[in-house]
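Please find below a short note on the model under review. The points are numbered for ease of reply.

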Amino acid sequence: MLRSAEHRFGWCSFELMIVLGSLLLAAGTLSGQNPPPPAPSPAASAPASAAPAEPSQAPTPPPSPTDASKSSDANAAEVTTRDTAPTFKVRVNLVLVRVVVRDASGKVVPDLKRDDFQLLDNRKSQTISSFSVETPQTHAVTPVPPTSALDPGAPPPTPVPVLPQRFVSVVFDDTNLQMQDAVYVRASAQKLFDALPPSDRVGVFSASGQITVDFTSDRARLKDSLLGIVPRPLAGGPGVQSCPNISFYQADQIIDTSDQTALGIAIQEFVACSAQTISPPPAELAEIVRAQAQAVLSAGEGQTEMVYRHLEDAMRRLAAMPGQRIMVFVSPGFFLTSHTREQGDLIDRANRSNIVINTIDARGLYTPDLFGDISQAQPTSPQASGILASFRMAEQFAQSEILGELADGTGGTYFHNRNDLDVGMERAVVAPEISYLLGFSPQNLKLDGRFHTLKVSLTAKSKFVLQARRGYYAPRTLKDPAEAAKEEIQEAIFSQEEIRDVPIELQTQFFKSNDTQAKLAVLTRVDVNAIRFRKDAGRSRDNLTFATAIFDENGNFITGGEKIIEMKLLDPTLARLNHSGLTVKSSFDVKPGTYLVRMVVRDGEGAQMAAKNGAVTIPY
């Protein structure tokens with residue numbers, strides 16, 4: 001028997017149509033005839049029943065629904081079923097490594113295969129379980145046009161216009177920018193926006209969260225947003241003057257590494273800059289300075305966390321866009337303490353969402369600032385001045401590491417030590433011509449949260465240069481299977497990549513009720529032969545999740561829905577479904593316009609997935 005559990009959100013309604021060929025033959029419906037349209041499901045909302053009887057130019061619609069509960073138990077013992085063990089795929093826990101291979105002249109190397117690569121995790125060889133070749137055209141959206149209109153009087157469907165194929169998210173790190181850098185960055189970004197083709201969609205975001213311009217083709221609006229790019233450091237964060245003036249890097253040396261030299265220099269500065277006429281005892285001085293260092297460290301880590309949070313927000317928004325996805329992160333960089341592991345999570349999310357992160361060092365071609373702010377009290381000894389200068393140099397070099405890691409880990413480019421930022425901006429909106437996405441499941445992985453170093457090389461000796469992520473963090477806990485399944489579906493819905501674990505067919509139809517409202521129907525047929533059922537108490541059991549998302553022509557999510565089909569099939573019913581397939585119809589209330597339709601199907605037993613794109617233009 002079949003039982004459906006519906007999940008509604010927005011203004012969508014669903015109708016389940018299960019195609020059972022032999023039952024329909026018994027009811028007198030012959031193959032090749034045009035049966036009347038299916039009666040609306042009792043669970044469907046009232047608007048779903050408003051569809052006309054049959055379109056004049058529509059192809060043969062799926063046969064009417066048949067209640068699988070009518071299958072007789074009497075003949076179940078007459079059919080034997082071969083049980084197969086389900087094959088579980090752990091997509092969420094797969095570690096993905098994007099690799100770009102270049103020759104001595106900097107050109108990307110094509111035509112490499114899985115066997116050409118070897119991958120080490122903490123110096124232990126790993127089996128590359130998944131491999132794909134990625135190009136800018138790989139994720140181009142080529143949706144299936146609509147089958148027909150449900151309105152008999154409607155004109156033939158208009159051709160679907162070309163949807164935007166590239167979405168660029170430009171994120172400015174205004175929490176760490178200096179004013180002179182911000183001015184230079186704004187001028188370079190204006191040139192970039194002027195040069196972008198009209199088909200590109202660009203969004204502008206800031207690390208402080210103060211600027212958010214959703215993806216648009218309005219170049220004037222994009223350029224206006226640049227006026228808001230000014231330094232916005234977190235209150236109490238790095239760069240805020242105090243006594244003693246301890247840098248983020250020096251605070252990390254004092255607190256995390258217990259560097260007594262760093263502590264002693266900070267004590268000297270405190271004595272020099274404080275207005276106290278009587279110096280406290282050394283032990284009390286040390287406690288005062290440690291407290292100040294802890295405050296600086298906490299504020300710096302808080303600012304870093306804020307940057308990551310808004311980077312993740314911008315990435316999540318970009319991941320919901322169809323087609324090619326590129327993030328441009330413009331920043332002077334920032335120092336990462338030993339407690340920071342968010343960059344690994346960002347790289348994981350980017351690779352799963354097919355996002356390339358290109359980074360630009362907003363400092364351009366710079367020389368390290370060795371002397372700091374001259375308005376601040378300076379150390380009394382040349383030795384202390386030299387040590388502070390070494391701290392400043394180390395911090396400024398360390399700032400750039402995060403920019404290099406984000407670019408290397410996602411197949412992007414890192415533009416630095418150059419003053420022509422407009423050239424860097426122009427290059428940053430382009431993805432590599434070819435990259436290789438390797439996936440592996442770590443063996444005997446301990447849930448300790450520790451960092452694992454990765455090394456990718458080619459099996460054949462060559463002078464090629466490989467760009468890849470440097471490592472990842474092990475999880476601390478295992479994900480709940482149900483939560484992992486939800487994440488899989490969500491990632492698949494917004495990835496736009498077609499998945500073919502289970503064969504599915506997608507059709508779109510529409511019916512206009514008036515000039516401003518229409519009903520969009522999405523029909524999905526699943527090949528049941530490819531589903532791995534679990535045999536229990538004489539029935540074949542599995543749950544199918546159907547997730548549908550509707551996007552407008554700018555890639556904005558409009559509406560969607562999810563349906564779970566719980567299957568407990570008797571053998572005759574399963575045999576008929578194997579022959580005819582399972583068809584689900586989903587209906588959505590939309591306005592006239594151009595829409596991208598995204599359908600994802602996941603089965604619960606085998607964790608197999610299918611995903612397909614469709615498109616429809618509903619004329620005004």
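Which residue just after α9 takes a positive phi? The residue is G411, with a phi of about 80°. The remaining points place this helix in its wider setting.

1. The model is a predicted one. The protein comprises 12 helices and 26 strands, and 50% of its 620 residues count as buried. Among contacts with a separation of 6 or more, 79% are between residues 24 or more positions apart. The exposed surface amounts to about 28,300 Å², of which carbon and sulfur atoms supply 53%.

2. Helix α9 spans residues 401–410, and eight of these 10 residues are buried, so the helix is largely enclosed by the rest of the structure. The buried positions are I402, L403, G404, E405, L406, A407, G409 and T410. G411, with its positive phi, comes just after the helix.

3. An open sheet of six strands, with mixed pairing, follows the order β10-β9-β8-β11-β12-β13. Its edges are β10 (212–216) and β13 (414–415); each has a single partner strand, so one side of each is left without a neighbour in the sheet.

4. Within this sheet, β8 (residues 166–172) and β11 (residues 324–331) run parallel and are joined by seven bridges. S169 stands opposite M327 of β11.

5. Two helices lie across strands of this sheet. Helix α2 (residues 179–195) crosses β8, β9 (201–206) and β11, and runs at about 170° to β8. Helix α6 (residues 282–319) lies across β8, β9, β10, β11 and β12 (355–361), at about 160° to β11.

6. The largest nonpolar core contains 30 residues, and L520, V522, L544, F546 and V601 have the most contacts inside it. At least two residues of this core come from each of β19 (504–512), β20 (518–526), β22 (539–552), β23 (557–569), α12 (571–580), β24 (582–590), β25 (593–603) and β26 (609–618). A second core, separate from this one, has 29 residues, including L177, V213, A428 and A431.

7. V601 merits inspection as one of the residues with the most contacts inside the largest core. Which residues does V601 contact, leaving aside neighbours within four places in sequence? The set consists of I504, T524, V526, L544, T545, F546, Q608, M609 and A610. L544 and F546 are themselves listed with V601 among the residues with the most contacts inside that core.

Note on methods
Residues are numbered from 1 along each chain as its sequence is written. This is a predicted model: local features need pLDDT of at least 70, side-chain atom pairs count only at pLDDT 80 or more; totals for chains, interfaces and linings use all residues. Side-chain values use heavy atoms; hydrogens and water are left out. Two strands pair if DSSP finds at least two bridges between them. Helices (H or I, at least four residues) and strands (E, at least two) are DSSP runs, numbered from the N terminus. Contact means heavy atoms within 4.5 Å. Axes are lines fitted to C-alpha atoms, for helices over the stretch in contact, and angles run from 0 to 180 degrees between N-to-C directions. A nonpolar core is a set of buried Ala, Val, Leu, Ile, Met, Phe, Trp, Tyr and Cys residues joined through side-chain atoms within 4.5 Å. Buried means under 20% relative accessible area, exposed over 50%, partly exposed in between (1.4 Å probe, protein chains only). Accessible areas come from the Shrake-Rupley method with a 1.4 Å probe; for residues, only the protein chains shown count as cover.
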